[in-house]
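Please load the model in your viewer and keep a selection panel at hand. The stops below are meant to be followed in order, with each selection building on the one before it.

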Amino acid sequence: MNLIDRQVDASSNNRYIVTRTKYDFEARNARPSSGHLPDRASDPLDARFGEPKGRSLESITGVLDRIGCGYLVLNRERKVVEWNAAAQTTLERQGEAADTASGLTAALRRLIANVPGQFLPGSLSWVVIRSRGDRPVILNENGVIAPDGTSIVALLDRDNRSGPNPRTLQRMFGLTSAETHLALRLAQGDAPLEIARSWRLSRTTIRSQLASLFAKTETKRQAELVALLGRISVLP
């Protein structure tokens, strides 16, 4: 079944909430046009690449979810047909009402108004948002990764801070609870001394935990540790 035709499916865990939708009522009841989505059997891209292409789309949106990045899936008419909770949150921080497919479509159009760049069929486009009121930057990754002429738009909010799954950290490196919490704070950009003050711990305690983190993750500097934590954030 086509990924963007799924029923509404909400799931949650300790890290994020994912909201998926199918086509909105208007899109599903519109008259067919030259730009309508074709049947899978008649789509030459599907005939060439087959079912793995759909899985590729799902894997990309799954990774974007894990790293706390918003995503929007657009159809041929550049209307939003699927999104996640992070996309809603990102657009709402821009002062938009973004809780429906039509609302998200309008919010995205206002966000990128007069911004160079376009969303190409089968591509992944990154919309980098610096701060509210600033013009975003659009970066395109070309290639057949989305089926049926759809495209994926990733919303990267520079003010949004996300980190790895704490359970994954503990399983990979054998971290204690205290070391895990410290790693998550470091991944969010907090300084060790700031963490010590907020937790009312001594500098010696924090430095001891940081030294243990370096040893267990086989890193030598805080910047190296933070970079490692960023890469791990894509894991479930």
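The tour starts with the whole chain, then visits a strand, a core and a helix.

**Whole chain, coloured by confidence**

Begin with everything shown, and bear in mind that this is a predicted model, with a mean pLDDT of 76 and with 72% of its residues at 70 or more. The protein has 236 residues, of which 43% are buried, and its secondary structure comes to 10 helices and 7 strands. Its exposed surface is about 13,000 Å², and carbon and sulfur atoms supply 51% of that area. Of the contacts between residues at least 6 apart in sequence, 58% join residues at least 24 apart.

Now select residues 1-54, where pLDDT stays under 50, although the model has 93 contacts beyond four places in sequence for this stretch. Strand β2 (residues 17-20) has the lowest mean pLDDT among the elements, 36, whereas α9 has the highest, 95.

**Strand β5 and its partners**

Select β5 (124-129) next. Is this strand enclosed or open on its two faces? Leu124, Trp126 and Val128 are buried on one side, and Ser125, Val127 and Ile129 are buried on the other, so that both faces are covered. With 6 of its 6 residues buried, β5 is largely enclosed by the rest of the structure.

Add the neighbouring strands to the selection. β5 pairs with β6 (residues 137-141) in the antiparallel sense over 5 bridges, and Ser125 stands opposite Asn140 in β6. β5 and β7 run parallel and are joined by 6 bridges, with Val128 standing opposite Leu156 in β7.

**Leu155 and the largest nonpolar core**

Stay in β7 and pick Leu155, which is found in that strand. Leu155 is buried, with a relative accessible area of 1%. Beyond residues up to four places away in sequence, Leu155 touches Cys69, Gly70, Leu72, Ala87, Thr90, Leu91, Leu108, Leu111 and Val127. One of these partners, Leu108, is 47 residues away from Leu155 in sequence, and the C-alpha to C-alpha distance between the two is 9.7 Å.

Widen the selection to the core around this residue. The largest nonpolar core has 20 residues, and those with the most contacts inside it are Leu72, Leu108, Phe119, Val127, Val153 and Leu155. At least two residues of this core come from each of β3 (70-74), β4 (80-83), α4 (85-93), α5 (101-111), β5 (124-129) and β7 (151-157), and α5 gives the most, with 5 residues. A second, separate core of 17 residues includes Ile206, Leu213, Leu228 and Leu229.

**Helix α8**

For the last stop, select α8 (residues 192-199), in which Pro192, Ile195 and Ala196 are buried. Where do these buried residues lie around the axis of α8? They cover an arc of only 100 degrees, which puts them on the same side of the helix. As background, an α-helix has 3.6 residues a turn, so residues three or four places apart point the same way.

To see what lies over this side, add α7 (177-187), α9 (203-217) and α10 (222-232), which are among the elements that cover the buried residues of α8. Finally, move to Arg200, which follows α8 and has a positive phi, near 60 degrees.

Terms used. Residues are numbered from 1 along each chain as its sequence is written. This is a predicted model: local features need pLDDT of at least 70, side-chain atom pairs count only at pLDDT 80 or more; totals for chains, interfaces and linings use all residues. Side-chain values use heavy atoms; hydrogens and water are left out. Buried means under 20% relative accessible area, exposed over 50%, partly exposed in between (1.4 Å probe, protein chains only). Helices (H or I, at least four residues) and strands (E, at least two) are DSSP runs, numbered from the N terminus. The arc is that of the directions from the helix axis to the C-beta atoms. Contact means heavy atoms within 4.5 Å. A nonpolar core is a set of buried Ala, Val, Leu, Ile, Met, Phe, Trp, Tyr and Cys residues joined through side-chain atoms within 4.5 Å. pLDDT is the predictor's confidence in each residue, from 0 to 100. Two strands pair if DSSP finds at least two bridges between them. Accessible areas come from the Shrake-Rupley method with a 1.4 Å probe; for residues, only the protein chains shown count as cover.
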